[in-house]
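Subject: Structure for you to look at

Hi,

Here is the structure I promised to pass on. Have a look when you get a moment, and my notes are underneath.

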Amino acid sequence: MLRLAVVGKDVSASSSPQMHTFILRGMGKRCSYEKVSVAPAEFSVHAEELFRRFDAFNVTIPFKGEIIPYLKELKGDARIFGAVNTVLARERIGCNTDGFGFSMMLENAGYLCAGKRVLVLGAGGAGRSCIKMLSASGAEVFVYERNEERLMSVYRELGGFDPLTEVPCVPYDFIVNCTGIGMHDTVGKTPTVIYEGGRVMPVGEELLSQCGGAVDLIYVPEESKFLRIARECGKPTLSGGAMLFYQAYCADCIILGRKPDPAAAKVLWEKYREENP
Ligand code: NAP
């Protein structure tokens with residue numbers, strides 16, 4: 001029986017135990033899965049204990065970087081971005097599966113990236129993983145981020161996209177909201193952007209009515225205002241719940257040492273949704 005956990009500042013409402021237990025059961029493994037909430041000032045006191053108590057653990061806000069000094073090796077995106085969401089305790093290896101989850105969500109929803117014009121809004125932690133994955137898939141990527149210093153730093157780090165300080169209001173094959181605007185205290189809002197020409201406006205029909213589809217990393221609410229506007233314009237939409245599930249699936253594949261299988265993951269996701277409407 002695998003001993004697993006999610007560690008964050010306040011994970012009391014986290015769906016990780018339910019999701020990982022479901023996925024692992026689907027992969028033929030049993031696990032115990034705990035929620036461990038730790039006050040940021042006390043992280044260093046509790047960190048070592050995590051390695052003793054668990055075979056592997058997931059890490060969330062605000063410890064994705066804090067855990068790094070306790071690890072021996074960072075793999076893939078975790079190394080590139082300095083952010084870890086999955087830890088193999090015995091080996092002290094840190095990984096990050098956000099990009100894999102995003103990629104699997106698009107693939108399983110039939111979004112093809114190669115040659116597509118994709119606008120990404122927001123280049124924070126998750127945005128960077130999405131940008132990297134989109135560029136690697138051959139998309140023509142445009143990134144708008146309101147923090148210009150961060151935009152240019154991500155550009156220097158990753159390259160492979162057009163950094164935008166103003167958004168041209170033109171057709172994109174799809175637009176991805178990675179800003180987090182539309183959840184928590186911003187429910188009912190869309191990200192405000194500077195359009196070409198200097199107009200500052202929340203993203204709305206003007207831009208979304210021209211796109212081929214809209215994707216939001218937000219999963220609560222299931223339909224953000226950004227997605228609602230796109231849907232009302234008759235556009236296909238994709239909410240971040242599938243990405244959350246697929247990044248958990250990819251984390252569990254790492255824990256079990258298995259190769260992720262998008263088709264098998266899709267079957268699990270559909271069953272999970274059916275059982276957890
Ligand atoms: P983050 O690191 O705070 O990044 C958000 C970025 O968007 C920041 O750079 C922020 O800039 C920028 N931003 C905010 N408002 C903007 C605007 N109006 N225009 C342009 N840029 C703007 O957050 P994160 O960890 O990347 O998370 C982003 C979202 O992804 C959240 O909703 C999170 O829940 C979601 N997420 C989902 C999954 C999933 O599996 N579905 C996984 C990871 C994250 P400032 O710093 O100036 O505010």
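Below is what turned up, starting with the ligand and moving on to a pocket and some backbone details.

Bear in mind that this is a predicted model.

The ligand first. There are 24 residues around it, and those that come nearest are Ala126, Glu145, Arg146, Arg150 and Thr192. Two of these also show up with side-chain polar contacts: a polar side-chain atom of Arg150 sits 2.3 Å from a ligand oxygen, and one of Glu145 is 2.7 Å from an oxygen atom of the ligand. The backbone joins in as well, with a polar backbone atom of Gly125 at 3.0 Å from a ligand oxygen. On its own the ligand has 910 Å² of accessible area, and the protein covers 79% of that.

As for where the shell around the ligand comes from, helix 5 (125-136) and helix 9 (241-256) each give at least two residues. Domain 1 (2-96 + 241-275) and domain 2 (100-238) each contribute at least three residues to this shell. By class, the shell has 11 nonpolar, 9 polar and 4 charged residues.

Next, the second largest pocket, with a volume of about 600 Å³. It is lined by 25 residues, and Glu222, Gly241, Ala242, Trp269 and Arg273 are the closest to its centre. Which helix gives the largest share of the lining? That is helix 10, with 5 residues. Helix 10 spans 262-275, and other elements supplying at least two lining residues each include helix 1 (16-26), helix 4 (98-108) and strand 14 (237-239). Helix 9 is on that list too, and it also feeds the ligand shell. The pocket lining takes at least three residues from domain 1 and at least three from domain 2. Its residues split into 13 nonpolar, 7 polar and 5 charged.

Finally, a few backbone details to look at in the loops:

- Ile61 and Pro62 are joined by a cis peptide bond, with omega about 5°. Pro62 is in the loop between strand 3 (56-59) and strand 4 (73-74).
- Val220 to Pro221 is another cis peptide bond, with omega near 0°. Pro221 belongs to the loop between strand 13 (214-216) and helix 8 (225-232).
- Arg92 has a positive phi, near 55°, and is not a glycine. Its loop runs between strand 5 (86-88) and strand 6 (93-95).

Cheers

Technical notes. Residues numbered from 1 in each chain as written. Predicted model: local features only at pLDDT ≥ 70, side-chain atom pairs only at ≥ 80, totals over all residues. Heavy atoms only, no water. 1 Å grid on protein atoms, 1.4 Å probe; cavity = no way out; pocket = protein on both sides within 12 Å on 5 of 7 lines; lining within 4 Å. Points joined across faces, edges and corners; volume = space filled by probe spheres on them. Helix = DSSP H or I, 4+ residues; strand = E, 2+ residues; numbered from the N terminus. Nonpolar A, V, L, I, M, F, W, Y, C, P; charged D, E, K, R; others polar. Domains from an automatic or database assignment. Near = heavy atom within 4 Å. Polar contact = N/O pair within 3.5 Å; in protein donor to acceptor, adjacent residues only side chain to side chain. Areas by Shrake-Rupley, 256 points an atom, 1.4 Å probe, with all protein chains shown as cover.
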